[in-house]
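Reader: Could you walk me through the inside of this protein? I would like to go question by question.

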Amino acid sequence: MKKAITLIIFSAIILQSCSPKIRTNLSTNSYKPLESESEIVVLEQNDQVPENSKFIGDLKIGDSGFSTDCGYTKVIDEAKITARKSGANLIHLTEVKKPNFGSTCYRIKAKLYRNLNNEIFAKISERKKLKNKSRLPSDADYAI
């Protein structure tokens, strides 16, 4: 019985240490979490945060030292989950560190915002989709 309990506790510690370390510093806890199907838009470092966006807080996702499965997509997915829980629908990346000799994980710092203006949110979302659609410049004069 004691061995089973020890094994369960040890397994929980190992599984927890394999995930990226997520820290948030929320300015307010007054927002309800968003629905799981709510769209979260990720703004790059050079993108502007739309007007009338309410600052929710800071987010930092880093390496716990034993992290695995912490590629860019996984880290952004974790950021989206955290944003939903805090009531934010915009993530503005402020720093992105690629894997290097010190860490095999992507590490990000971001600011979380909430903007309920459907027009602005739709424009941002559409612009992000178009940007991701093609790596070629929109004014390219050669064949794709």
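Author: Happily; what follows is a short set of questions and answers on a predicted model.

Reader: Is S86 buried or exposed?

Author: Let's place S86 first: it belongs to helix α2, residues 72-86. Beyond its neighbours within four places in sequence, S86 is in contact with L26, Y31, I56 and L112. Its relative accessible area is 8%, and the cut-off for burial is under 20%. Therefore S86 is buried.

Reader: Which element gives the largest share of the largest nonpolar core?

Author: That core has 17 residues, and I91, L93, I108 and L112 touch the most other members. Two or more residues come from each of β3 (54-62), α2, β4 (90-97) and β5 (107-114). The largest share is four residues, and the element that gives them is α2.

Reader: How many residues are in the other core?

Author: This core lies apart from the largest one. Among its members are V41, L90, Y113 and I124. The count you are after is six.

Reader: Now the disulfide: what is its handedness, left-handed or right-handed?

Author: The whole structure holds one disulfide, formed by C70 and C105 with sulfur atoms 1.8 Å apart. It links distant parts of the chain, 35 residues apart: C70 in the loop between β3 and α2, and C105 in the loop between β4 and β5. The torsion about the S-S bond is about -65°, so the disulfide is left-handed.

Reader: And what is the relative accessibility of C105?

Author: Its partner C70 is buried, with a relative accessible area of 6%. C105 also counts as buried, and its relative accessibility is 1%.

Methods: Residues are numbered from 1 along each chain as its sequence is written. This is a predicted model: local features need pLDDT of at least 70, side-chain atom pairs count only at pLDDT 80 or more; totals for chains, interfaces and linings use all residues. Side-chain values use heavy atoms; hydrogens and water are left out. Buried means under 20% relative accessible area, exposed over 50%, partly exposed in between (1.4 Å probe, protein chains only). Contact means heavy atoms within 4.5 Å. A nonpolar core is a set of buried Ala, Val, Leu, Ile, Met, Phe, Trp, Tyr and Cys residues joined through side-chain atoms within 4.5 Å. A disulfide is a pair of cysteine sulfur atoms within 2.5 Å.
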